[in-house]
Amino acid sequence: MKKIILITDAGVGKDGWYHVGDEAVFWSLYQRIRSDTPDVQITIFARSDINKKIIGATIIDSASFFDNKTNFVLSKIFPLLKIKPLRFIILLFFPQYKNIFHEIKSNDYIVVSGGGNLNSRFRNFIFNRFIIVLFAQILNKKIYFAPQTIGPLFYKKDFYYIKYIAKNVAFLQVRDDSSLDMVKLFNNEGKIIKTLDDAFRMKYDKQLSLVKKAKFNVAISLRDWDTENTISAVGYFIKFITAIHSDIHFYIIPHIFDDNNLGDIEITKTLLK
């Protein structure tokens, strides 16, 4: 029986925030893996309170693996990681990474769920993925990235991490042209392909269904860095569609909602007006 690790950012964060898009991406990918390879043994790296009803999978709280303080320290010594023998200093001086190392060693493949976290706004995720790819390479394990958005990148070190990831994965999918152009600078060996976001392929799941207020429900999520033109376009789109189809109901959902991401909530309130 094949064994894989599925890495996702699904679940509720430690401050109570919840990312609707990442959840949809994860569920779609999980459904496809289960459909295509029903006998595969899956270990999921996710937030601790991801849906416990996932049958046939082991769930590991990835929050204990990656903390900002450790990642900050490691980012300072990243040039040393270019020297292969010195890569094991991570295991010697940062014992919390031993758990990741041993999990990767005991599985056959690693699959990273899609999303938009590989950018300098969320640097912790970049280093998270870098460490995973680094260990996979040391252990000679194949790692696959489901459709990602890459960037924006503001720091030289972040470019190094993304370059390392792009050059050392078995396969990397992206979901937009700008991401494709960026990673092709680092890897033009046919490992990179542009495709659809996995969320578009998600099958209906009654565990995730919205409260029915119409015959057809659509959820739209906007981020605090979306442009005014994008927000306006979404508003006009909703008005246009609802004028033609009165049985469609739209849900406007903040991209991330907690006390630290009030911009998302303000955008949502503005659009609802």
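Here are some worked exercises on this structure, which is a predicted model.

**Exercise 1: Get your bearings**

Find out how many helices and strands the protein chain has, and what share of its residues count as buried.

*Solution.* Start with the secondary structure: the protein chain has nine helices and 10 strands. Next, look at burial. The chain has 273 residues, and 48% of them count as buried. Then turn to the surface, where the accessible area comes to about 14800 Å². Carbon and sulfur atoms account for 57% of that area. Finally, check the contacts: among those with a separation of 6 or more, 71% are between residues 24 or more positions apart.

**Exercise 2: Explore the largest nonpolar core**

Work out which residues have the most contacts inside the largest nonpolar core, and which elements each supply at least two residues of this core.

*Solution.* Step one is the core itself, which has 39 residues. Inside it, the residues with the most contacts are Ile-104, Ile-110, Ile-132, Phe-135, Ile-143, Phe-145 and Ile-162.

Step two is to see where the core comes from. The helices that each supply at least two residues are α4 (96-105), α5 (123-138), α6 (156-168) and α7 (177-184). The strands that do so are β1 (3-7), β4 (109-112), β6 (142-150) and β7 (171-174). The largest share, nine residues, comes from α5.

Step three: pick out Ile-110 and look around it. Setting aside residues up to four places away in sequence, Ile-110 touches Ile-5, Ile-7, Ile-104, Ile-132, Ala-136, Lys-141, Lys-142, Ile-143 and Tyr-144.

There's also a second, separate core, with 15 residues. Ile-4, Leu-29, Ile-33 and Val-40 are among them. For some background: in soluble globular proteins, nonpolar side chains tend to be buried together.

**Exercise 3: Place strand β1**

Is β1 mostly covered or uncovered, and which residue is the bridge partner of Ile-5 in β2?

*Solution.* First, burial: four of the five residues in β1 are buried, so count this strand as mostly covered, given that buried means under 20% relative accessible area. Now for its partners. β1 runs parallel to β2 (residues 41-46), and five bridges join the two. Within that pairing, Ile-5 has Thr-43 as its bridge partner. β1 also runs parallel to β4, this time with four bridges. Here, Leu-6 stands opposite Val-111.

**Exercise 4: Follow Arg-129**

Is Arg-129 buried or exposed, and why does its salt bridge with Asp-9 tie together parts that are far along the chain from one another, 120 residues apart in sequence?

*Solution.* Take burial first. Arg-129 has a relative accessible area of 4%, so it is buried. Asp-9, at 10%, is buried too.

Now check the pair: their side chains meet in a salt bridge, at 2.9 Å from N to O. Arg-129 is in helix α5 and Asp-9 is in the loop between β1 and α1 (20-36), so the bridge ties together parts 120 residues apart in sequence.

To finish, list what else is around Arg-129. Not counting residues up to four places away in sequence, Arg-129 touches Ile-7, Asp-9, Val-112, Leu-118, Phe-145 and Ile-165.

**Exercise 5: Look at two more salt bridges**

The structure holds five salt bridges. Find which elements hold Asp-158 and Arg-123, and where Lys-194 and Asp-177 lie.

*Solution.* Begin with Asp-158 and Arg-123, whose side chains meet at 3.1 Å, N to O. Asp-158 lies in helix α6 and Arg-123 in helix α5, so this pair ties together parts 35 residues apart in sequence. Asp-158 is buried, at 1% relative accessibility, while Arg-123 is partly exposed at 34%.

Move on to Lys-194 and Asp-177, which meet at 2.7 Å, N to O. Lys-194 is in strand β8 (residues 192-194) and Asp-177 is in helix α7, 17 residues apart. Lys-194 counts as partly exposed at 40% relative accessibility, and Asp-177 counts as partly exposed at 46%.

**Exercise 6: Locate Asp-108**

Find where Asp-108 sits and which residues it is in contact with, leaving aside its neighbours within four places in sequence.

*Solution.* Asp-108 is in the loop between α4 and β4. Its relative accessibility is 28%, so it counts as partly exposed. Compare sequence with space: Asp-108 and Ile-4 are 104 residues apart in sequence, and 5.6 Å apart from C-alpha to C-alpha. With those sequence neighbours left aside, Asp-108 is in contact with Met-1, Lys-2, Lys-3, Lys-141 and Lys-142.

Technical notes: Residues numbered from 1 in each chain as written. Predicted model: local features only at pLDDT ≥ 70, side-chain atom pairs only at ≥ 80, totals over all residues. Heavy atoms only, no water. Core = buried A, V, L, I, M, F, W, Y, C linked by side-chain atoms within 4.5 Å. Buried < 20%, exposed > 50% of the residue type's maximum accessible area, 1.4 Å probe, protein only. Contact = heavy atoms within 4.5 Å. Salt bridge = Lys/Arg side-chain N within 4 Å of Asp/Glu carboxyl O. Pairing = 2+ DSSP bridges. Areas by Shrake-Rupley, 256 points an atom, 1.4 Å probe, with all protein chains shown as cover.
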